[in-house]
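Visitor: Please show me the chain, and then take me through its fold.

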Amino acid sequence: MGWFARRNSQQQPAAAAGPSGYRFEAPEERPRGGMFGSTFGGGAGAGAAPASEPVTLEKTDFDAFERLLGEVQQAWSDQDITRMRSLATPEMVEVFADDVADDASRGVINRVSDVKLLQGDLAEAWREGGRDYATVAMRYELKDWTEEQGSGRVVDGDRDAPTEAAELWTFVRASGGRWLLSAIQQSA
């Protein structure tokens, strides 16, 4: 999400989903753990629990990840925290709500549009404590800008020029449930 990339560089928000021309690739075999260095939102856990087991994902799971990319980004751009509650874990919603409040106190709104998923690669998927987790490296394009409330004057970014973002999104679901965003980490 542009949201996370900007949080690290200046102040950048979330965005919307793209067409289905992406590719998801299975991860290479590697041990779990350690990849969540600066994870926001909790829920996914920073390291592997010894009792975790692999999870096999289907095309419908990857479709859900792409859909969530778009829906989360749109909710962010609309500052719709109520909508965000149906898309993300409570910890992630709290992070988003705090950032929206910070922007409001500065008199600005961060907007994103035209998000297009370019590539999604499964980094890992596992089951732990009755929940399924999946971390997906997402590379996508978006337009991202910050504007003054009221006037709409752009104070950062460009509403016309697309930029590219690369992030690791971790999703969680109760067994048999629907996926929710639980963490975002900027990709190196």
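Guide: Helices (H or I, at least four residues) and strands (E, at least two) are DSSP runs, numbered from the N terminus. This is a predicted model, where local features need pLDDT of at least 70, side-chain atom pairs count only at pLDDT 80 or more, and totals for chains, interfaces and linings use all residues. Residues are numbered from 1 along each chain as its sequence is written, and side-chain values use heavy atoms, with hydrogens and water left out.

Visitor: What pattern does the chain follow along the sequence?

Guide: The chain has four helices and five strands. Read in sequence order, they give α-β-α-α-α-β-β-β-β.

Visitor: Which strands are the edge strands of the sheet?

Guide: Two strands pair if DSSP finds at least two bridges between them. The five strands form an open sheet with antiparallel pairing, in the order β1-β2-β3-β4-β5. Pairing on one side only marks the edge strands, β1 (53-54) and β5.

Visitor: In β5, which residue is the bridge partner of W169?

Guide: β4 and β5 run antiparallel and are joined by six bridges. The partner of W169 in β5 is I184.

Visitor: Which element gives the most to the largest nonpolar core?

Guide: A nonpolar core is a set of buried (under 20% relative accessible area, 1.4 Å probe, protein chains only) Ala, Val, Leu, Ile, Met, Phe, Trp, Tyr and Cys residues joined through side-chain atoms within 4.5 Å. The largest one has 34 residues, and F65 and L181 are among those that touch the most other members. Elements supplying at least two residues each include α4 (90-106) and β3 (131-148). With eight residues, the top contributor is α2.

Terms used: Buried means under 20% relative accessible area, exposed over 50%, partly exposed in between (1.4 Å probe, protein chains only).
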